[in-house]
Amino acid sequence: MENASPDPEEAPLSDADIQRRLASLYEEYRALYGLVIFRMTSLDRRVPIAGATLTATLAAVGSMPVPAMPVIFFGLPLALLWFLRTTINHARSFEDALRRIEQIELAVNSIHGDQLMAFQSRHPSKGKEIGGRTGRETIHAVVILVMTLLLGCGWVFAVTFDAPWQGSAAYLGFLSVHATHVGMVLIRLRRYSYQPQKPISD
């Protein structure tokens with residue numbers, strides 16, 4: 001009886017195959033770090049730029065004509081939620097890139113049989129915060145800004161309009177819905193974890 005031919009998937013990789021695989025991993029590693037720099041820069045710039053713009057918008061309400069004020073009072077809370085959600089999306093994308101880099105480091109180390117790359121795979125904040133320390137601090141700053149400006153909207157509305165209590169209660173309810181949504185977004189964020197569709201094979 002003839003011996004069965006070996007399964008090609010179980011055959012050891014040649015040196016050329018190993019080099020091609022390593023070259024592919026290194027190229028993806030460099031591309032991901034470029035993405036990491038972009039996401040980190042975006043997170044660092046969001047709070048001072050967008051925060052100053054949104055705060056200035058609320059501060060300028062008093063100088064606006066009365067017909068234009070409702071646009072700010074109802075549009076600004078929506079803009080604040082958009083600001084928070086886009087910030088969280090940046091942090092999640094940042095986290096995805098970091099975790100993929102971790103996978104590549106582990107795969108390269110496995111191929112070489114040595115701990116050659118370990119910055120992300122052994123980072124002290126790995127898995128503790130979405131987007132690492134940068135993502136954590138940026139999200140905290142944005143949440144504080146959003147909640148402060150929501151309170152500011154309520155206060156400016158109260159001192160600007162001599163509205164009946166029903167109108168004031170309706171607007172406070174509108175702001176409360178947005179504040180509740182902030183809490184729900186944060187709860188979903190805490191449950192988020194990077195789930196690769198296909199892990200890197202050694």
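Biologist: How much of the protein in this predicted model is buried, and what makes a residue count as buried?

Modeller: Of the 202 residues in the protein, 35% are buried, and a residue earns that word when its relative accessible area is under 20%.

Biologist: Why is glutamate 95 called buried?

Modeller: The relative accessibility of glutamate 95 is 5%, and because the cut-off for buried is under 20%, glutamate 95 counts as buried. This residue lies in helix H2, which spans residues 69-112, and, leaving aside residues up to four places away in sequence, glutamate 95 touches Glu129, Ile130, Gly131, Gly132 and Tyr192.

Biologist: Which pattern does the protein follow along the sequence?

Modeller: The pattern reads α-α-α-α, in keeping with a count of 4 helices and 0 strands.

Biologist: Why are helices H3 and H4 called roughly antiparallel?

Modeller: The axes of H3 (residues 132-160) and H4 (residues 165-190) come within 10 Å and cross at roughly 175 degrees; angles over 145 degrees count as roughly antiparallel, and H3 and H4 are therefore described in that way. Among the residues that make the contact are Ile139, Val143 and Phe157 of H3, together with Tyr171, Leu175 and His178 of H4.

Biologist: What kinds of residues make up the contact of H3 with H4?

Modeller: The residues of this contact divide into 14 nonpolar, 4 polar and no charged, where Gly is counted among the polar ones, as applies to Gly154 of H3 and Gly167 of H4.

Note on methods: Residues are numbered from 1 along each chain as its sequence is written. This is a predicted model: local features need pLDDT of at least 70, side-chain atom pairs count only at pLDDT 80 or more; totals for chains, interfaces and linings use all residues. Side-chain values use heavy atoms; hydrogens and water are left out. Axes are lines fitted to C-alpha atoms, for helices over the stretch in contact, and angles run from 0 to 180 degrees between N-to-C directions. Helices (H or I, at least four residues) and strands (E, at least two) are DSSP runs, numbered from the N terminus. Angles under 35 degrees count as roughly parallel, over 145 as roughly antiparallel, 65 to 115 as roughly perpendicular and the rest as oblique. Contact means heavy atoms within 4.5 Å. Buried means under 20% relative accessible area, exposed over 50%, partly exposed in between (1.4 Å probe, protein chains only).
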